[in-house]
Amino acid sequence: MKNNLNHHSIKQLLDHSATRISPATLAQLQRSRVHALEHQRLHRTAPALAWLGHLGSHSDSSHTSKHIRWAFAVIFVACLFSGAAYWQNSIADRDTSDVDIAILTDDLPLHVYVD
Amino acid sequence: MRFIRSLIIATCLTVLTVLPAWAATQSWALLTPMQREALAPLAQQWDTLPEIQRKRLLGTTKRYPNLTPLQKERFQARLTDWSKLTPAQRDRARETYKALRKAPPEKREELKKMVRQQEQAKSAASSPSSAVPAATR
């Protein structure tokens with residue numbers, strides 16, 4: 001015997017089965033569904049709330065505080081680099097100023113250096 | 001941990017607030033009396049000079065109090081011409097100065113002598129009646 005099962009017939013079978021589920025089981029399934037949906041919603045919002053909550057606290061356990069530590073490290077390194085660049089620039093400026101004053105006070109006139 | 005965080009934030013804020021304040025001290029009105037004395041020939045155009053030029057000129061004034069009277073005179077006499085040069089001309093002058101500094105003293109003396117002779121010839125040509133050679137500036 002050839003058993004022809006297409007999705008229309010599967011749907012009909014499932015609908016038929018669903019009508020035979022007792023109201024108590026249906027209510028239980030409904031409660032489980034609502035519970036699962038609520039649980040999913042909490043999971044989505046929890047990290048954002050946790051991040052806000054940990055901003056002012058000392059907790060280091062959360063991965064969010066790890067991000068904050070990284071952010072501070074990046075800021076610190078950026079400050080360090082800016083400071084180093086500024087210091088290097090100051091040295092270059094000081095050298096240039098030394099040469100400038102030497103030219104401006106030298107025995108040789110200015111045009112000797114410019115021409 | 002909290003202390004270190006506060007320290008980093010305080011450092012960053014200090015750097016961000018002090019640097020603009022430092023830049024603002026470059027206007028003529030805010031210069032020290034010593035800086036104004038050294039840069040007196042540039043008093044009129046000081047505020048119109050490019051920031052980098054002002055910064056470098058301010059750098060030169062740090063050594064101004066230690067100069068001899070003759071060096072101070074030369075400094076002020078050359079300041080206006082120096083500020084009129086283009087950045088490229090000033091860079092070239094610096095390079096020439098560095099190259100001449102490395103040259104042997106006798107070569108440098110030779111150059112000085114040559115320049116002095118040129119100055120004297122120029123002075124004699126401009127005023128034939130005057131026999132006084134022009135002082136090297």
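Accessible areas come from the Shrake-Rupley method with a 1.4 Å probe, and for residues only the protein chains shown count as cover. The model is predicted: local features need pLDDT of at least 70 and side-chain atom pairs count only at pLDDT 80 or more, while totals for chains, interfaces and linings use all residues. Residues are numbered from 1 along each chain as its sequence is written, chains are lettered from A and ligands numbered from 1 in the order in which they are written, and side-chain values use heavy atoms, with hydrogens and water left out.

**Exercise 1. Describe chain A and chain B by surface, burial and elements.**

Step 1. Chain A exposes about 8,900 Å², with 64% supplied by carbon and sulfur atoms. For chain B the accessible surface is about 9,100 Å², and 61% of it belongs to carbon and sulfur atoms.

Step 2. Buried means under 20% relative accessible area, exposed over 50%, and partly exposed in between (1.4 Å probe, protein chains only). Of the 115 residues in chain A, 20% are buried; of the 137 residues of chain B, 28% are.

Step 3. Helices (H or I, at least four residues) and strands (E, at least two) are DSSP runs, numbered from the N terminus. Chain A has four helices and zero strands, whereas chain B has six helices and zero strands.

**Exercise 2. Determine which side of helix α5 of chain B is buried, and what covers it.**

Step 1. Helix α5(B) spans residues 87-102, 16 residues in total, and reaches 23 Å from its first C-alpha to its last. That is close to the 22 Å expected at 1.5 Å a residue, where the expected span is 1.5 Å times one less than the number of residues.

Step 2. The buried residues of α5(B) are B:R90, B:A93, B:R94, B:Y97 and B:L100. They lie on the same side of the helix because they cover an arc of only 130° around its axis, taken from the directions from the axis to the C-beta atoms.

Step 3. On the face turned away from the buried side are the exposed residues B:A88, B:E95 and B:K102.

Step 4. The buried residues pack against α3 and α4 (110-114) of chain A, together with α3 (51-61), α4 (69-84) and α6 (105-126) of chain B.

**Exercise 3. Place A:D93 and list what it touches.**

Step 1. A:D93 sits in helix α3 (residues 63-105) of chain A and is buried, at a relative accessible area of 11%.

Step 2. Contact means heavy atoms within 4.5 Å. Leaving out residues up to four places away in sequence, A:D93 touches B:I52, B:K55 and B:R56.

**Exercise 4. Trace the largest nonpolar core and the contacts of A:I103.**

Step 1. A nonpolar core is a set of buried Ala, Val, Leu, Ile, Met, Phe, Trp, Tyr and Cys residues joined through side-chain atoms within 4.5 Å. The largest one has 30 residues, of which A:I103, B:L39, B:W46, B:L57, B:F75 and B:W82 touch the most other members.

Step 2. At least two residues each come from α3 and α4 of chain A and from α3, α4, α5 and α6 of chain B. Helix α3(A) gives the largest share, five residues.

Step 3. Not counting residues up to four places away in sequence, A:I103 touches A:L110 and A:Y113 in chain A, and B:R78, B:W82, B:A93, B:R94 and B:Y97 in chain B.
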